[in-house]
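Visitor: I should like a close look at one part of this structure, namely the surroundings of its ligands. Please take me through it step by step.

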Amino acid sequence: MIESLTVNLGARSYPIQFGVNAAAAVRAEVDALITAGRKVVVVTDRNLANAQRDTLETMFGGQPMLVLEPGEETKSLTELGRVLDFLAEHRIDRGGALFAAGGGVIGDLAGFAAASYLRGIAFYQVPTTLLSMVDSSVGGKTGINLKAGKNLVGAFHQPKGVFIGTGLLTTLPPREFAAGMAEVIKTGLLGDAALFAQLEAKTLTVESAELGAVVRRCCALKAGVVEADEHETAKEGGRALLNLGHTFGHAIEQVTGYGHYLHGEAVAIGLAAAARLSQKLGYIGAVEVARIEAVLTAHALPVKLREALPLAPLMTAMARDKKVRAGALRFVVLKSLGVAATQGDIDPKLAEESFREVGAT
Ligand SMILES: NC(=O)c1ccc[n+]([C@@H]2O[C@H](COP(=O)([O-])OP(=O)(O)OC[C@H]3O[C@@H](n4cnc5c(N)ncnc54)[C@H](O)[C@@H]3O)[C@@H](O)[C@H]2O)c1
Ligand SMILES: O=C(O)C(=O)C[C@@H](O)[C@H](O)[C@H](O)COP(=O)(O)O
Ligand SMILES: [Zn+2]
């Protein structure tokens, strides 16, 4: 690994290590744990197990590995039970360590299992999708979906370390790379105007020489936000800003059934809706909305629903958002490109109109 960044959270601080190839660094950590008498287990999914068989062998060869079905539906109570049973079956004690090797689905699910098994064991993130490298592996939000809503059950449980090897992205399907770009664009919009401008000037691809630097930049911004408001308790702003586009996006995922839209695709449409809401509130103009949609489109992301969806269930889903306070919706809005804020006193009609403009009926 060539570079490292620390997420500073006192006793819960941890390093994020970056490189093109993370395998040797992961192996060294696994070996160190085993030498110290600690058990190591791995959770991954079938697509990664097939696409990166040799790399997984280098990282974890000899350690028990649970291979789950890929996809958003795996972030469920049933699969959580499977991971917990796997930990018990291998007699993992409080000294044990769980490695989550995969995308955000595996990281969120395995992280939550680690948070709850024996009331908390150590876990490590080995993100293998763009989305998980720039967002989900950092910050300690873990959890699963319920039919009623996205990520409704979970825990804050920080990893002990994050290993990012961008070389793994060569086997990632293009649709999944695009989904990760939604969180990259989100990061630029909420707090890094220069990153947004860079993406506007030149579309980022898996071949881009800048890819590694962009991943590090997203992690650095997220680390700073998490350090300031780890548990999302700030009255305004704070960690909730990382939810830009998610109030709309999570509703789309829940109403259409998990997996119909990838998380990043739903977030992309959510960013377009949040931009329109911000325009209605008078913060940004039509030119800025068009610029946001152009960057999303250039990165192969949708800015409108693929099929019309009724507004009523979408609004019901938004009412379950975790940012709701005293029954009132709270949104993340854009004050300008690169500056976001939370706002609660928004007429729901404006949110409805914004949803209609991206395809709700
Ligand atoms: N905890 C957080 O802070 C946070 C942040 C953002 C998103 N999320 C969550 O992350 C999830 C989405 O994560 P995701 O986009 O990584 O999806 P994912 O985990 O479903 O992975 C996407 C697909 O890529 C495959 N894959 C993974 N790595 C691969 C590789 N290197 N080569 C080939 N195929 C590979 C997987 O098998 C899967 O089919 C959502 O559930 C979302 O809610 C959480
Ligand atoms: O880390 C955070 O905080 C985020 O909001 C990052 C989001 O990209 C991510 O999708 C997160 O899981 C959403 O959190 P939730 O609290 O709205 O479920
Ligand atoms: Zn997200």
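Guide: What follows describes the two domains and then the surroundings of each ligand. This is a predicted model, in which local features need pLDDT of at least 70, side-chain atom pairs count only at pLDDT 80 or more, and totals for chains, interfaces and linings use all residues. Residues are numbered from 1 along each chain as its sequence is written, while chains are lettered from A and ligands numbered from 1 in the order in which they are written.

The chain is divided into domain 1 (3–171) and domain 2 (174–357), with bounds that come from an automatic or database domain assignment. The C-alpha centres of domain 1 and domain 2 lie 25 Å apart. Their contact takes 28 residues from domain 1 and 31 residues from domain 2; two residues are in contact if their C-beta atoms, placed from the backbone, lie within 7 Å. On the side of domain 1 that touches domain 2, the elements giving two or more residues are β1, β2, α6 and β8 (149–156). Helices (H or I, at least four residues) and strands (E, at least two) are DSSP runs, numbered from the N terminus. Of these elements, α6 gives the most, with five residues. That side of domain 1 divides into 14 nonpolar, nine polar and five charged residues. Here Ala, Val, Leu, Ile, Met, Phe, Trp, Tyr, Cys and Pro count as nonpolar, Asp, Glu, Lys and Arg as charged, and the others, Gly among them, as polar.

Let us turn to ligand 1. There are 32 residues around ligand 1, of which N47, P70, G103, G104 and S136 come nearest; a residue is near a molecule if its C-beta atom, placed from the backbone, lies within 6 Å of it. Each of α2 (46–51), α5 (104–116), α6 (130–136), α7 (174–191) and α11 (263–280) supplies at least two residues of this shell. By class, the shell around ligand 1 has nine nonpolar, 15 polar and eight charged residues. Domain 1 and domain 2 each contribute at least three residues to the shell around ligand 1.

Ligand 2 comes next. Around ligand 2 stand D135, G139, K141, K150, N151, E183, R239, L242, N243, H246 and K322. These comprise one nonpolar, four polar and six charged residues. Ligand 2 lies between domain 1 and domain 2, because both give residues to its shell.
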